[in-house]
Amino acid sequence: MKSNGIIHSDRIMKAMNSVDRGNYVPRKSEAYEDSPQLIGHGATISAPHMHAYATEHLLPYLHPGAKVLDIGSGSGYLVSVLHELVSPGGKVVGIDHIPELVDSSIHNLKKDGRGESIENGEIIMIAGDGRLGYPSAGPYDAIHVGAAASKVPQELIDQLAKPGRMFIPVGDYSQYIEHIDKDEHGNVTRSQVMAVRYVPLTDKALQTGGPMN
């Protein structure tokens, strides 16, 4: 990825090299391919290049001691990478609306040697509606959203720190990654970064095909 111009930062190289993707995927034989994998419950772990893009775009806000919210945390892989980038002293909150995925992500994180970080509160994994965020641990210097929203949830904008940045895919058919930037005075600006195709940021029932609650 570095030789192809996707990764520019040595910090991101070091962080991604510190996290073994084999601990977060069901098929270890495909763990190191640059492709997404199904992880169950209608969810996927993104291709490594998409995690690299996300961390590159958020990097100015991923400093030691920073707070980060990862929405659609799935396998827990990106939570682990983000934790590397905000340590020491930082906090990463991962939220997913599938409780079984949250349970498996905690197992994955512990398998990857991050049990102590969970115990001391540096990593928090929550089952809930990511569109509402997790205000009690905010505000967040960086927010990553791993599924496409029809519109940017105001609740997430409200939980951005001053300054802070959200990386979020927006749109139904035509989708674009947007930067939602909040400056030190609380002024919010939006900019489109690149065209993408993500699964929708949706309800648990719609994702899994089960009945609406």
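**Close-up views of a predicted model**

**View 1. Ala195 sits in strand S9.** Strand S9 covers residues 188-196. The model shown here and in every view is predicted. Is Ala195 buried or exposed? Ala195 counts as exposed because its relative accessibility is 58%, and the exposed class begins over 50%. Ala195 still has neighbours: it touches Gln175 and Tyr176, leaving aside residues up to four places away in sequence. Gly138 lies 57 residues from Ala195 in sequence. In space, 29 Å separates the two C-alpha atoms.

**View 2. Strands S1 and S2 form a hairpin.** Strand S1 spans residues 37-40, and strand S2 spans 43-45. The two strands run antiparallel. How many bridges join S1 to S2? There are three bridges. In one pairing, Gln37 has Ile45 of S2 as its bridge partner. Two residues lie between the strands.

**View 3. His41 has a positive phi in the turn.** His41 belongs to the loop between S1 and S2. Its phi is about 60°, although His41 is not a glycine. Most residues other than glycine have a negative phi. His41 is partly exposed, because its relative accessible area is 38% and that class lies between 20% and 50%.

**View 4. Helix H3 is largely enclosed by the rest of the structure.** The helix spans residues 77-86. Why is H3 described as largely enclosed? Nine of its ten residues are buried, so the rest of the structure largely encloses it. Among the buried residues of H3 are Tyr77, Leu78 and Val79. Ser80, Val81 and Leu82 are buried too. So are His83, Leu85 and Val86.

**View 5. The largest nonpolar core has 41 residues.** Which residues have the most contacts inside this core? They are Met16, Leu62, Val68, Tyr77, Val81, Leu85 and Tyr198. Several elements each supply at least two residues: H1, S2, H2, H3, helix H4 (99-111) and strand S5 (123-127). H3 gives the most, with seven residues. Take Val81 as a close-up: it touches Ala15, Met16, Val19 and Thr55, with residues up to four places away in sequence left out. A second core is separate and has 20 residues. Ala137, Ile157, Leu160 and Met166 are among its members.

**View 6. Ser104 lies in helix H4.** Is Ser104 buried, partly exposed or exposed? Ser104 is partly exposed, because its relative accessible area is 28% and the class lies between 20% and 50%. Ile39 is 65 residues away from Ser104 in sequence. In space, their C-alpha atoms are 9.7 Å apart.

**View 7. A cis peptide bond joins Ser87 and Pro88.** Omega is about 0° at this bond. Pro88 is in the loop between H3 and S4. Strand S4 covers residues 91-96. Most peptide bonds are trans.

**View 8. A cis peptide bond joins Gly138 and Pro139.** Here, too, omega is about 0°. Where is Pro139? Pro139 is in the loop between S5 and strand S6, which spans residues 140-145. Gly138 is also the residue paired with Ala195 for distance in View 1, at 29 Å from C-alpha to C-alpha.

**View 9. The largest pocket has a volume of about 700 Å³.** It is lined by 37 residues. Which of them are closest to its centre? They are Thr44, Ser46, Gly146, Ala147 and Val199. The elements that give two or more residues to the lining are S2, helix H2 (48-58), strand S3 (67-71), H3 and S4. The lining divides into 15 nonpolar, 17 polar and five charged residues.

**View 10. The second largest pocket holds about 230 Å³ of space.** Its lining has 14 residues. Closest to its centre are Met1, Met16, Asn17, Pro48 and Tyr77. Met16 and Tyr77 also appear among the residues with the most contacts inside the largest nonpolar core. Which helix gives the largest share of the lining? Helix H1, residues 10-17, gives three residues. The lining has eight nonpolar residues, one polar and five charged.

Definitions and conventions: Residues numbered from 1 in each chain as written. Predicted model: local features only at pLDDT ≥ 70, side-chain atom pairs only at ≥ 80, totals over all residues. Heavy atoms only, no water. 1 Å grid on protein atoms, 1.4 Å probe; cavity = no way out; pocket = protein on both sides within 12 Å on 5 of 7 lines; lining within 4 Å. Points joined across faces, edges and corners; volume = space filled by probe spheres on them. Helix = DSSP H or I, 4+ residues; strand = E, 2+ residues; numbered from the N terminus. Nonpolar A, V, L, I, M, F, W, Y, C, P; charged D, E, K, R; others polar. Buried < 20%, exposed > 50% of the residue type's maximum accessible area, 1.4 Å probe, protein only. Contact = heavy atoms within 4.5 Å. Pairing = 2+ DSSP bridges. Core = buried A, V, L, I, M, F, W, Y, C linked by side-chain atoms within 4.5 Å.
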